[in-house]
Amino acid sequence: MLIRLSSLSALQAAAAAIAAAALGACQPDQDAQADLEAANLEKAIYCMELLEKHHDLETADRECFGETYIQHTPWLPDGKEAVLEVFASRLERNPEKTIEIKRVAADGDLVWIHLHSKQNAEDALGNAVVNIFRMQDGKFVEHWNVVQAVPEESANNNTMF
């Protein structure tokens, strides 16, 4: 079962994921899958907010990363230590960094988080980011991402969000 949530706050997204899982419970064969997806989605949102909004790296270290962490971002090595170092360094450089989660989706052990990231108050446009996580036992164990600067002008009237 694929859960897609658009233009919701993180709390609304988590509530909608739980509701979607409850609706999926009407079909007994899909119960376990729906429960896994809802749990993965809720945990991924929680972890992303720990890292990006609350800057609580100690809790994220304990609660969000598996012992094995495979990284697909080409400039980062495997392992949670490298990711946590990036977040610590980023916080020192940009203590006012903000994110706004725009949409999330889960399918099996994969979770997608589409967000708008801004370095500080002067960063009017920011970046569009899509993080994809593979989860195991409620923790991130693999990561892919795509980051794109939001342009000043667009060839269409659609936003990136």
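Against which elements do the buried residues of α3 pack? In this predicted model, they pack against α2, β2, α4 and β6 (139–149). The protein contains four helices and six strands, and the briefing below moves from the overall fold to the core, the disulfide and helix α3.

**Overall fold**

- Along the sequence, the helices and strands of the protein follow the pattern β-α-α-α-β-α-β-β-β-β.
- The protein has 161 residues, of which 42% count as buried.
- The accessible surface of the protein amounts to about 9,100 Å², and carbon and sulfur atoms account for 52% of that surface.
- When contacts between residues at least 6 apart in sequence are considered, 50% of them join residues at least 24 apart.

**Nonpolar core**

- The largest nonpolar core holds 29 residues, and the members that touch the most other members are F65, I113 and F140.
- Two or more residues of this core come from each of α2 (31–52), α3 (57–64), β2 (65–71), α4 (80–93), β3 (98–107), β4 (110–118) and β5 (127–136).
- The greatest contribution to this core is that of α2, which supplies seven residues.
- Leaving aside residues up to four places away in sequence, I113 touches A44, I45, M48, I101, R103, V104, V129, V130, N131 and F133.

**Disulfide**

- The model has one disulfide, and this bond joins C47 to C64 with an S to S distance of 2.2 Å.
- C47 belongs to helix α2 and C64 to helix α3, so the pair ties together parts that lie 17 residues apart in sequence.
- The disulfide is left-handed, because the torsion about the S-S bond of C47 and C64 is about -90°.
- Both cysteines, C47 and C64, are buried.

**Helix α3**

- The buried residues of α3 are L57, T59, A60 and C64.
- Viewed down the axis of α3, these buried residues fall within an arc of 155°, and they therefore line one face of the helix.
- The exposed residues E58 and R62 are carried on the face of α3 turned away from its buried side.
- C64 thus appears in two of the topics above: this cysteine is one of the buried residues of α3, and C64 is also joined to C47 by the disulfide.
- Helix α2 likewise recurs, since α2 gives the most residues to the largest nonpolar core, holds C47 of the disulfide, and is one of the elements against which the buried residues of α3 pack.

Technical notes:
Residues numbered from 1 in each chain as written. Predicted model: local features only at pLDDT ≥ 70, side-chain atom pairs only at ≥ 80, totals over all residues. Heavy atoms only, no water. Buried < 20%, exposed > 50% of the residue type's maximum accessible area, 1.4 Å probe, protein only. Contact = heavy atoms within 4.5 Å. Areas by Shrake-Rupley, 256 points an atom, 1.4 Å probe, with all protein chains shown as cover. Core = buried A, V, L, I, M, F, W, Y, C linked by side-chain atoms within 4.5 Å. Disulfide = S-S within 2.5 Å. Arc of directions from axis to C-beta.
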